[in-house]
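Q: I have a structure open and would like to learn how to read its features one by one. Could you walk me through them?

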Amino acid sequence: MATANPTVFLVMVNGQVESAQFPEFDDLYCKYCFVYGQDWAPTSGLEEGISQITSKSADVQHNLVWNFPIDITFKSTNPFGWPQIVISVYGPDVFGNDVVRGYGAVHVPFTPGRHKRTIPMFVPESTSKLQKLTSWFMGRRPEYTDPKLIAQGEGREVTLFQLSTHNYSISRLWAFSLAVFSAWNTLLHPTIKLAGSLKFQLKSYLLQSF
Amino acid sequence: MAEVHVIGQIVGATGFSEDSLFCKWGIHTGGAWKLLSGVREGQTQVDTPQLGSMAYWSHPIDLHFATKGLQGWPRLHLQVWSQDSFGRCQLSGYGFSHVPSSPGIHSLHCVTWRPLGGWREQLARAFVGGGPQLLHSDVVYTGADRYRLHTAAGGTVHLELAVILRNFSRYGVEC
């Protein structure tokens, strides 16, 4: 199969975002999208999707069930940039605004067959107590303007910085929508806290062609 | 040239006594290896566990190596640091693991250790924080000068890596 010529291979992924457990939140919906390298291109299926809004089940587990289908096929010549699925979960806060409840990302399975994955979900938060209070009050949480950033490895580290000296661009890292708060904070130190976990099943087929 | 793809995630860490943790990672290879795509080192975000005790990073790793020889097979080395509410960082552990050499998906659990100083340094670490660190971090993945160290155990870092090999059979290497 593998010859001296560069071969194109297809990866077909189908499955679902099954359910989530977020102990503190209810009435959530999720969005998924795929992040992949330059050598990859989707050939069929949907690259993005938004699910329905779901409420917690009444039983002990308090599952939030979406059962949201995922169906996509990629074409590539190089395993570098293997696709990742990025899932963002949103829900209403106490004032009714739509805020982000978690982001998570995982690589699409590498081997053919049935895979079940549970992924942790992160939400960025600031450690400054003043900013936490104002963001809760205003309904403007720190969130990524482009959720695809969570699938990248570079720039995830966070540095403590003071506005006067170190211009280590938070905008390069995460593009937080913090324009309202930047004047209030001399110490801006977002960290990530684990908000919940998401279970989903993926079946993937690796096809060699030609 | 044979090629190796290492794709996966640094999932998280368990067993550390401190809470807010981040990890600095790097991959060290021998002279015959060349990195074709991907970044060789990085640093995760700081994670403070809210549910349970595992700190999750889900930090993606995607590397593409080309090699002319098996010597210097990639070694992943890690430094786990903790950060307190004042923003001070303290070393929690060093660890390393060879990248698996068989193709497929691997779950790695990399144990870590941290250098202990004398009783003075240990007392100072308990009260003030800080603690001894290695001057040259290559001791983490080589065995050369380890006998000088007295260390204590840290927690465990969990990784999930998929290894894809290409053209190894052409050079007579069975994988």
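A: Happily! Let us start with a term: contact means heavy atoms within 4.5 Å. Keep in mind that this is a predicted model.

Q: With that in hand, how many residues of chain A are in contact with chain B?
A: On the chain A side there are 30 residues, and they touch 32 residues of chain B. Putting the two chains together buries about 2700 Å², with carbon and sulfur atoms accounting for 61% of it.

Q: What should I look for in the way of salt bridges between chain A and chain B?
A: The general idea is that side chains of opposite charge can pair when their charged atoms come close. Here the count between chain A and chain B is 1 salt bridge. It joins A:Arg117 to B:Glu160, whose closest N and O atoms are 3.5 Å apart.

Q: Which strand supplies the largest share of the side of chain A that touches chain B?
A: Strand 11 of chain A does, with 6 residues. Strand 7 (98-107), strand 8 (113-126) and strand 11 (190-208) of chain A each give at least two residues to that side. By residue type, the side of chain A that touches chain B has 14 nonpolar, 11 polar and 5 charged residues.

Q: How many salt bridges are there over all chains?
A: The count is 6. One of them links B:Glu3 and B:Arg166, at 3.3 Å from N to O. B:Glu3 sits in strand 1 (residues 2-14) of chain B and B:Arg166 in strand 10 (residues 151-166) of chain B, so this pair ties together parts 163 residues apart in sequence.

Q: Are those two partners buried or exposed, or in between?
A: Buried means under 20% relative accessible area, so B:Glu3, at 15%, is buried. B:Arg166, at 33%, is partly exposed. Another salt bridge joins B:Asp84 and B:Arg88, with closest N and O atoms 2.9 Å apart; B:Asp84 is partly exposed at 28%, and B:Arg88 is partly exposed at 46%.

Q: And aromatic pairs: how many does a search of the whole structure find?
A: There are 15 over all chains. Take A:Trp40 and A:Phe74, an edge-to-face pair with 6.1 Å centre to centre and 80° between the planes. A:Trp40 belongs to strand 3 (residues 40-45) of chain A and A:Phe74 to strand 5 (residues 64-76) of chain A, so the pair ties together parts 34 residues apart in sequence. A:Trp40 is buried at 4% relative accessibility, and A:Phe74 is buried at 0%. Both rings belong to one aromatic cluster, whose members include A:Phe9, A:Tyr32 and A:Trp82.

Notes: Residues are numbered from 1 along each chain as its sequence is written. Chains are lettered from A and ligands numbered from 1 in the order in which they are written. This is a predicted model: local features need pLDDT of at least 70, side-chain atom pairs count only at pLDDT 80 or more; totals for chains, interfaces and linings use all residues. Side-chain values use heavy atoms; hydrogens and water are left out. Buried area is the accessible area (1.4 Å probe) that two parts lose on being put together, summed over both. A salt bridge is a side-chain nitrogen of Lys or Arg within 4 Å of a carboxyl oxygen of Asp or Glu. Helices (H or I, at least four residues) and strands (E, at least two) are DSSP runs, numbered from the N terminus. Ala, Val, Leu, Ile, Met, Phe, Trp, Tyr, Cys and Pro count as nonpolar, Asp, Glu, Lys and Arg as charged, and the others, Gly among them, as polar. Rings of Phe, Tyr and Trp (its six-membered ring) pair if their centres lie within 6.5 Å; planes under 30 degrees apart count as stacked, over 60 as edge-to-face and the rest as tilted. Buried means under 20% relative accessible area, exposed over 50%, partly exposed in between (1.4 Å probe, protein chains only).
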